[in-house]
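Please load the model in a viewer and keep the selection panel at hand. The tour below proceeds from the whole chain to individual residues.

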Amino acid sequence: MGRPAKYTQEFRRDAVELVRSSGRPINEVARELGMSHETLRNWVRKHEQQNSGAGSAVPAGAGLSVADKDAEIARLHAQMAELRQEKEILRKAAAYFAKEMDR
């Protein structure tokens, strides 16, 4: 048995329609509705797949607005910068401890 649905079908339908009719990014609509943008993005994708006809492939990134794609790229760039910073800190720490072990 699965867990009960957190959102009603009517809420899902209205949320998807809001994204489609407003032209606003999914992130913005999800924030306004107080929900995860990934959940809303999945609903929009599912709606588009159901309405695009059976058997037709949906290209990666379909259904995402330019603003959503730009936001994702910016998030990934920030994450990459953070990981580079962490790598540099770990490299320096490893060098420090290697030096300390030789004493």
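Begin with the whole chain under a surface representation: about 8,200 Å² is exposed, and carbon and sulfur atoms supply 55% of that area. Please bear in mind that this is a predicted model. Of the 103 residues in the chain, 14% count as buried.

Next, switch to a cartoon representation. Four helices and zero strands make up the secondary structure of the chain, and the pattern read along the sequence is α-α-α-α. In a contact map restricted to separations of 6 or more, residues 24 or more positions apart account for 41% of the contacts in the chain.

**The nonpolar core**

Select Tyr7, Ala15, Val16, Val19, Ile26, Val29, Ala30, Met35, Leu40, Trp43 and Val44; these eleven residues form the largest nonpolar core. At least two residues of this core come from each of H1, helix H2 (26–33) and H3.

Within this selection, centre the view on Val19, which belongs to the core. Which residues is Val19 in contact with, leaving aside its neighbours within four places in sequence? The contacts of Val19 are Arg24, Ile26, Val29, Leu40 and Val44. Of these partners, Ile26, Val29, Leu40 and Val44 are also listed in the largest nonpolar core.

**The largest pocket**

Now select Gln9, Arg12, Arg13, Val16, Glu17, Trp43, Lys46, His47 and Gln50, the residues that line the largest pocket. Helix H1 (9–22) and helix H3 (37–51) are the elements that give two or more residues to this lining. H1 provides the largest share, with five residues. The space in the pocket amounts to about 250 Å³.

Colouring the selection by residue class is informative at this stage. How many residues of the lining are nonpolar, polar and charged? Two are nonpolar, three are polar and four are charged. Val16 and Trp43 deserve a label, since they appear in the pocket lining and also in the largest nonpolar core.

**Helix H4**

Finally, move to helix H4 (residues 66–101) and select Ala71, which is found there. Is Ala71 buried, partly exposed or exposed? Ala71 is partly exposed, because its relative accessible area of 31% lies between the 20% limit for buried residues and the 50% limit for exposed ones.

Add Asn27 to the selection and draw a distance between the two C-alpha atoms. Ala71 and Asn27 are 44 residues apart along the chain, and their C-alpha atoms are separated by 8.7 Å.

Terms used:
Residues numbered from 1 in each chain as written. Predicted model: local features only at pLDDT ≥ 70, side-chain atom pairs only at ≥ 80, totals over all residues. Heavy atoms only, no water. 1 Å grid on protein atoms, 1.4 Å probe; cavity = no way out; pocket = protein on both sides within 12 Å on 5 of 7 lines; lining within 4 Å. Points joined across faces, edges and corners; volume = space filled by probe spheres on them. Nonpolar A, V, L, I, M, F, W, Y, C, P; charged D, E, K, R; others polar. Buried < 20%, exposed > 50% of the residue type's maximum accessible area, 1.4 Å probe, protein only. Contact = heavy atoms within 4.5 Å. Areas by Shrake-Rupley, 256 points an atom, 1.4 Å probe, with all protein chains shown as cover. Core = buried A, V, L, I, M, F, W, Y, C linked by side-chain atoms within 4.5 Å.
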